[in-house]
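Here is a short report on one protein model. Please read it with the sequence and the coordinates open.

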Amino acid sequence: MRDAVPLPARTAGAEGAPPDPALAEDAATALEELRTAAPLVQCITNTVVANVTANVLLAVGASPAMTDIQGEGGIFAELADGLLVNTGTPTAEQCGAAYEAVGARQRAGLAWVLDPVAVGALPVRTALARDLLRHRPAIVRGNASEIMGLAGGAGGRGTDATHGVDAARDAAAAIAAQAGSAVAVSGPVDLVRAPDGSVVRVPHGTPLLTRITGGGCALGALMAAFTAVRADPAAAATAATTVYTLAAEDAAAGCAGPGSFAVALLDRLHAITPEQLAARAELVREEGAR
C-alpha cells in the first residue's frame, strides 16, 4: 500500500528480479477460496475505521463482526475464522477484549493479526502492542514507522510513516524472530517478510489510500480474513495485499478524488476476479532475503 513517504530505493535482491507467476496464482486461488468460505472475521479495531473496515470485508466476500467488549472478546474469538487486533483507539474496554481474544486464539492454536497503529509515537498503545506481541500473532501489519516502533524504535508522526519501507527491514526481522510472525510493511512497494526470512514485494497501490480513513487499517482486517484460507501467514498477508492494492489501483483510475475513490474501492474489491489477479499481479520474491 502506498504510504505518504518517498519511494525507497529497491534492494539489491529485488532489483531487476522478474515477477513470480506462482505467487500471483496463489493469491488468485486464495481469493477464490475466501469467497467460497466467506470467513467470519472478528475485528477489535479503532472506532475511526470500524465502518470502513466492515465494508471492505463485506465487499471482498468475508463477514465482519466488531465484537470488542470484555466478556465477549474471548468467546467470539473461539468461533471466528479470523481475528484482527488494531491498537488505534486503545480504550480500557477494547484492551480487555483484545487480551481475552488473543488468549483464546493462542490456546486454540488459531491465527490472529496485530496492527500496531501509531506504536512508537504514543506510550499507551506502544506498551499494549509490545505486550500483545508476546501472544505470537500470525501476522503483524503496519507502516514502516509503526513496525520500527513495535521493535523498539521511536515510531513516526502519529499514524503517518516517516520512514521508507526498507528502513524497517531489520525491525521486521526482529519481530519475526521474537514472535514467529510474518511481518507486512506497507509503503510505496509493500514488503512481506515470512518467519523463515524470505521476502515478497508487492508493487501495487495508489497514494489515494493515504487520503481516506482506514486505508491501512482495513488491510489488516483483510489479512485476518485470508488467514482463514491460508495456513502460511506470509501467503495470507501477500494475498490480502495483492487483492487490496490492485483493487485500489483500479479505483484510483476512475475516480475524481478521495471521496469517489473510497466508494470505488469497495466496488473494485467486490468486482476483482481471481483471473485478473493471476494476470496482473507483479509479485517479486527477493533472492537470498533472510
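The sections below cover confidence, strands, cysteines, backbone angles and salt bridges.

## Model and confidence

This is a predicted model: local features need pLDDT of at least 70, side-chain atom pairs count only at pLDDT 80 or more, and totals for chains, interfaces and linings use all residues. Residues are numbered from 1 along each chain as its sequence is written, and side-chain values use heavy atoms, with hydrogens and water left out.

pLDDT is the predictor's confidence in each residue, from 0 to 100. The protein chain averages 91. At least 70 is reached by 90% of the residues. Residues 1–15 stay under 50. For this stretch the model has 49 contacts beyond four places in sequence, a contact being heavy atoms within 4.5 Å. Where pLDDT is low, the predicted coordinates should not be read in detail.

## Strands around β1

Helices (H or I, at least four residues) and strands (E, at least two) are DSSP runs, numbered from the N terminus. Strand β1 spans residues 40–44, and 4 of its 5 residues are buried. Buried means under 20% relative accessible area, exposed over 50%, and partly exposed in between (1.4 Å probe, protein chains only).

β1 pairs with two strands; pairing requires at least two DSSP bridges between them. With β2 (residues 63–65), the sense is parallel, over 3 bridges. V41 has P64 of β2 as its bridge partner. From β1 the chain passes through helix α2 (residues 50–60) to β2, a right-handed β-α-β crossover. Right-handed means that, with the strands pointing away from the viewer, the path from the first strand over the helix to the second runs clockwise. With β3 (residues 82–86), β1 pairs in the parallel sense over 4 bridges. There I44 is matched to V85 of β3.

## Cysteines

The structure holds 0 disulfides, a disulfide being a pair of cysteine sulfur atoms within 2.5 Å. C43 is buried, at 1% relative accessibility. C217 is buried too, at 11%.

## Positive phi angles

Most residues other than glycine have a negative phi. A118 has a positive phi of about 60°. A118 sits in the loop between β4 (113–115) and α5 (123–132). A118 is buried, at 1% relative accessibility.

R136 also has a positive phi, near 55°. Its place is the loop between α5 and β5 (139–143). R136 is partly exposed, at 48%.

## Salt bridges

Side chains of opposite charge can pair when their charged atoms come close. The rule here asks for a side-chain nitrogen of Lys or Arg within 4 Å of a carboxyl oxygen of Asp or Glu. The count comes to 12 salt bridges.

One of them joins R230 and E33, at 2.7 Å from N to O. R230 lies in the loop between α8 (217–226) and α9 (233–253), and E33 in helix α1 (residues 21–37), 197 residues apart. R230 is buried, at 13%, whereas E33 is partly exposed, at 33%.

## The network at R201

Which residues are linked with R201 in a network of salt bridges? They are D166, R169 and E286. R201 and D166 form a salt bridge, with their closest N and O atoms 3.1 Å apart. R201 is in strand β8 (residues 199–202), and D166 is in the loop between α6 (144–150) and α7 (169–179). Both are buried.

E286 and R201 form a salt bridge at 2.9 Å between the closest N and O atoms. E286 lies in the segment after β9 (284–285) and R201 in strand β8, so this pair ties together parts 85 residues apart in sequence. E286 is buried at 5%, and R201 at 1%.
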